[in-house]
Amino acid sequence: MDIQKVIKLLLHNNILHEAPLDYHRLNGGTVSELYVLNLDNSKVVVKKNQPKIVEAEAKFLQCYKDNSLLPKLLFVEQTNGYFVYSFIEGTVNDKRVNKKDMLQKLVQGLLNTYTPVATESGWGWADEPSVSWEDFITAEMKEANDILQHYLDNYVYQYILNVATKRSGERKQYLLHGDCGVHNFIFHDRQLAGVIDPTPVIGEPLYDLIYAFCSSPDDLTKETFNSVVGLLASKHYLNEASLYEEVLIGLYLRLATCIKHHPSALEDYLTAWNYWVRIVEEMNRK
């Protein structure tokens, strides 16, 4: 991306009303390319990615344009080559944050504002939807198993697969953030101030809550989870046992992510995994 040409276009289209004082590139993913433009009294982000990914992310921000935790969408290039959104000030990976408080703010400030989508939208990744939620989640599990088979006993994959396919036909479709973890949270004064970088998913809000809950190895307890799940406006799980099975699925997927990106946290996650397996087994014996 030629950022100088982008700036000229943004000025020409009155997206920017003044030339940036300066700009710098942020560390992005393997495909995305990000720049922060420093204006006189604000900052904006220019983000380039594959067109289908840009389109999905921009649609998510447009859908929830009035949400105070999300960046404001300012411009989308006509071929979906890049888009521009407001910069949220704050810090990332603030380990001093209270997890219960963070999750409560997330539920009340974002997850409870999610809106249903048309049933023909499919399930899972918004840019490449699956026919059903079960198809989406089992594909994610297969990918996770390719990593976890070297760390967990062979029967675990079949066990978690049975858990995932037990429930079908009872879900409602919402447009979700999809990558709703602490790595995408912005904090100010130890409070959740922003949620960035969606990878939109069509599913239930509970998916994003469990994703956020499992996205850090601290406080992965039943008490912490119970303190926030009751705040969800959308409650489509069947009973307490099925609810905790959903947590187990999220934790399984997170174990694979941990091994790929944060291997130092693996021991903590394995401890949490065994803890939640016991909870689910005890619930199913009742």
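This is a tour of selected helices, ring pairs and single residues in a predicted model.

**Stop 1: helices α4 and α8**

Select residues 133-148, which form helix α4, and residues 240-261, which form helix α8. Two packed helices are described by the angle between their axes and the distance between the axes. Here the axes come within 9 Å and cross at roughly 45 degrees. That angle makes α4 oblique to α8. The crossing of α4 past α8 is left-handed.

Now show the side chains where the two helices touch. On α4, select I137, E140, M141, A144, N145, I147 and L148. On α8, their partners are I249, Y252, L253, L255, A256, I259 and K260. Which classes of residue make up the contact of α4 with α8? The contact has 11 nonpolar residues, one polar and two charged.

**Stop 2: helices α5 and α8**

Keep α8 on screen and add helix α5, residues 154-165. The axes of α5 and α8 come within 10 Å and cross at roughly 135 degrees. These two helices are therefore oblique to each other. Once again the term for the crossing is left-handed, with α5 passing α8.

To see this contact, select V156, Y157, Y159, I160, V163 and A164 on α5. Then add E245, L248, I249 and Y252 on α8. By class, the contact of α5 with α8 holds nine nonpolar residues, no polar residue and one charged residue.

**Stop 3: E245**

Centre the view on E245, which lies in helix α8. Is E245 buried or exposed? With a relative accessible area of 5%, E245 is buried. Show the residues around E245, leaving aside its neighbours within four places in sequence. E245 is then in contact with V163, K166, V280 and N284.

**Stop 4: aromatic rings**

Next, show the rings of Phe, Tyr and Trp residues. The count comes to 19 aromatic pairs. For one of these pairs, select F136 and Y207. Their ring centres are 6.3 Å apart and their planes stand at 65 degrees, so the pair is edge-to-face. F136 sits in helix α4 and Y207 in helix α6, residues 205-214. The pair links distant parts of the chain, as F136 and Y207 are 71 residues apart. Both F136 and Y207 are buried.

Move on to F213 and W276. Here the ring centres are 6.1 Å apart and the planes are at 85 degrees, so this pair is edge-to-face. F213 lies in helix α6 and W276 in helix α9, residues 266-285, so the pair ties together parts that are 63 residues apart in sequence. Check how accessible each partner is. F213 has 0% relative accessibility and counts as buried. W276 is buried as well, with a relative accessible area of 0%.

Before leaving the rings, select W123, W125, W133, F136, Y207 and Y211 together. Ring pairs link these residues into a cluster.

**Stop 5: two residues with positive phi**

This stop concerns the backbone. Most residues other than glycine have a negative phi, and most peptide bonds are trans.

Select D197, in the loop between β9 (191-195) and β10 (201-203). What is the phi of D197? It is positive, about 50 degrees, although D197 is not a glycine. At 23% relative accessibility, D197 counts as partly exposed.

Then select D219, in the loop between α6 and α7 (222-229). The phi of D219 is near 50 degrees, which is a positive value in a residue other than glycine. D219 counts as partly exposed, with a relative accessibility of 42%.

**Stop 6: Y275**

The last selection is Y275, in helix α9. Y275 is partly exposed, with a relative accessible area of 27%. Which residues does Y275 touch, leaving aside its neighbours within four places in sequence? Y275 is in contact with L220, T221 and K222. Draw a distance between the C-alpha atoms of Y275 and L220 to finish. These two residues are 55 residues apart in sequence, and their C-alpha atoms are 9.1 Å apart in space.

Conventions:
Residues are numbered from 1 along each chain as its sequence is written. This is a predicted model: local features need pLDDT of at least 70, side-chain atom pairs count only at pLDDT 80 or more; totals for chains, interfaces and linings use all residues. Side-chain values use heavy atoms; hydrogens and water are left out. Axes are lines fitted to C-alpha atoms, for helices over the stretch in contact, and angles run from 0 to 180 degrees between N-to-C directions. Helices (H or I, at least four residues) and strands (E, at least two) are DSSP runs, numbered from the N terminus. Angles under 35 degrees count as roughly parallel, over 145 as roughly antiparallel, 65 to 115 as roughly perpendicular and the rest as oblique. A crossing is left-handed if the near helix is turned anticlockwise from the far one by less than a right angle, and right-handed if clockwise. Contact means heavy atoms within 4.5 Å. Ala, Val, Leu, Ile, Met, Phe, Trp, Tyr, Cys and Pro count as nonpolar, Asp, Glu, Lys and Arg as charged, and the others, Gly among them, as polar. Rings of Phe, Tyr and Trp (its six-membered ring) pair if their centres lie within 6.5 Å; planes under 30 degrees apart count as stacked, over 60 as edge-to-face and the rest as tilted. Buried means under 20% relative accessible area, exposed over 50%, partly exposed in between (1.4 Å probe, protein chains only).
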